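Biologist: Please take one small part of this chain, look at it closely, and then lead me outward from it to the rest of the chain. I am a first-year student, so I would be glad of an answer that goes step by step.

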Amino acid sequence: MTDADVIVIGGGPAGATAAALLARAGHRVVVFEKDSVPRFHIGESLLPCNQPVFERLGFVPTREDYVRKGGADFDDERSGVHTEFSFDEGLPGTPSHAWHVERSVFDAQLLDIAIRDGADVRIGQRVTEVAADAEVVEVRVGDAVYRARYCLDATGQDAFLARRRRTVDPIRGFGLAAVFCHFHGLSPEAVAELEATGNIKILVHDHGWGWAIPLRGAKLSFGVVSREKGITPEVLERVYEVSPLMRRLTAGANRTEPQVIRNFSFRNREPCGVRWACIGDSAYFLDPVFSSGVALAMIGAECAADLLIAALPRGEEATPDLLAPASAHMDRALETFSALIHSFYHTRIVQHLFTHPDPDPAVRAGLVSVLAGDVWRDDNPFQKMLVGGRRGRASKRAQGTASTGDE
């Protein structure tokens, strides 16, 4: 006998999405979440590609809880360059907006949906061990051991299984860490300015980039991602002090103490095995410059849930490559966003397009669609150029030919 069909470790967006879909399909699902809920989490800016998953879950974001995100602003205050991208300028079919969310509220609402749909969600219970074989999965929580037909690791950047299996591969050349804080009590004028478009603001600086994300309740999330080791709260302060935009928007506001997050940008080279798989950030985490984290986590969780929904009634959940189609589906998004991030840091392709006075309309629309996370389509000229260039550079490196990095 088993205690569940599927045990999900972690109750964040990926875990809640998978749990809700599996439970709705009639499967016995237990979710173990180690923290209290609601709880603070960073990763507050979503992408339009979340919308189909929201609709399937029955999740309806509202302006009472969240800020409507119309697109993205890129600001280089060193040169005075400002470029705005609106999601409604994307290719036909690209959703026109997204949301900025306070994760304590957002994550709790998604977990409520999982509970509504029949998942058994257990808060404040930490998984300490997972053992799987061809017959069953055993999950230890404290002194208790639970048996299931399948286990999904949705532990985010903690990457529970990957770190125990030592299968975490850092992605070189992306951001290494972030330091951030929140401003409270913004002026009515600042709130009106920020919410006029709801755009995330990407601030380019000498050693990486920064974000400014408007949140409900006159709040602003501000952070800095660095490609250099040794990031400290002083880095955040230095970027803040040289940003007239940030000083103006936050004049008179209070701020929280800075926090540092490390272990950015990795991929789990073994994301699945017999009766287990890693979803969301436990399978991969990319530099968050283009806000892909929550979007890809929820879409990947949906893919994994659908494969399990089909396999469990047939007793095929022990198939070693059961989730290979989900990995293949997500690889397209990972390849696209990795190429975009690499170009942002190491080449001039994206920068030239961002600031070009008269860009090709189709290419610009393609860039907007990629920024929106609409990357599973075959008619995007920008995406083809972006991924093709990355593959070409990889081929040159494999052949021992140095790339100039100035493309």
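**A loop, a helix and their surroundings**

Modeller: Let us begin at S291, which sits in the loop between strand β21 (284-285) and helix α8. Please keep in mind throughout that we are looking at a predicted model. The backbone of S291 has a phi near 60°, which is a positive value in a residue that is not a glycine. This deserves a second look because most residues other than glycine have a negative phi, just as most peptide bonds are trans. Is S291 buried or exposed? Its relative accessibility is 10%, and since the limit for calling a residue buried is under 20%, S291 counts as buried.

From this loop the chain leads on to helix α8, which covers residues 293-311. If each residue adds 1.5 Å, the 19 residues of α8 should span 27 Å, and because the C-alpha atoms at its two ends are in fact 27 Å apart, expectation and model agree. The surroundings of α8 can be judged from its residues: 14 of the 19 are buried, and therefore the helix is largely enclosed by the rest of the structure.

Which elements do the buried residues of helix α1 pack against? Helix α8 is one of them, and the others are β1 (4-9), β2, α2, α3 (103-116) and β10 (144-153). Helix α1 runs over residues 13-24, and its 12 residues reach 16 Å from the first C-alpha to the last, close to the 16 Å expected at 1.5 Å a residue. Of these 12 residues 11 are buried, so α1, too, is largely enclosed by the rest of the structure. The buried residues include P13, the glycine G15, the threonine T17 and the leucines L21 and L22, together with the alanines A14, A16, A18, A19, A20 and A23. Just after α1 comes G26, which takes a positive phi of about 100°.

It helps to set S291 beside another residue with a positive phi, namely R166, whose phi is about 55° although it is not a glycine. R166 also belongs to a loop, the one between α4 (160-165) and β11 (168-170). Its surroundings, however, are of another kind: a relative accessibility of 71% is over the 50% limit, so R166 counts as exposed, whereas S291 is buried at 10%. A further backbone feature lies in the loop between β2 (29-33) and α2 (51-57), where we find P38. The peptide bond that leads from V37 to P38 is cis, with an omega near 5°.

Later in the chain, V370 belongs to helix α11 (residues 361-371), and with a relative accessible area of 0% it is buried. Once its neighbours within four places in sequence are left aside, V370 is in contact with T336, F337, L340, V375, N380, F382 and Q383. V370 and C49 are 321 residues apart in sequence, and yet their C-alpha atoms are 9.7 Å apart in space. In the loop between α10 (349-355) and α11 we meet P359, which is buried with a relative accessible area of 18% and touches L353 and R364, if residues up to four places away in sequence are not counted. G389, in helix α12 (residues 381-398), counts as partly exposed at 23% relative accessibility, and its C-alpha is 9.7 Å from that of I349, a residue 40 places away in sequence.

Finally, we can step back to the chain as a whole, which holds 12 helices and 21 strands. For 407 residues a compact globule would have a radius of gyration near 22 Å, and because the chain has 21 Å, the two agree. Its C-alpha trace spans about 65 × 55 × 40 Å along the principal axes. Of the 407 residues, 54% count as buried, S291 being one of the buried residues. Among contacts between residues at least 6 apart in sequence, 74% join residues at least 24 apart. The chain exposes about 17100 Å², of which carbon and sulfur atoms supply 51%. As for charge, there are 45 positive and 54 negative charges, and their mean positions lie 4 Å apart.

Definitions and conventions: Residues numbered from 1 in each chain as written. Predicted model: local features only at pLDDT ≥ 70, side-chain atom pairs only at ≥ 80, totals over all residues. Heavy atoms only, no water. Helix = DSSP H or I, 4+ residues; strand = E, 2+ residues; numbered from the N terminus. Rg over C-alpha atoms; globule rule 2.2 N^0.38 Å. Buried < 20%, exposed > 50% of the residue type's maximum accessible area, 1.4 Å probe, protein only. Contact = heavy atoms within 4.5 Å. Areas by Shrake-Rupley, 256 points an atom, 1.4 Å probe, with all protein chains shown as cover. Lys, Arg positive; Asp, Glu negative; His and termini not counted. Charge placed at Lys NZ, Arg CZ, Asp CG, Glu CD. Expected span 1.5 Å × (residues − 1).
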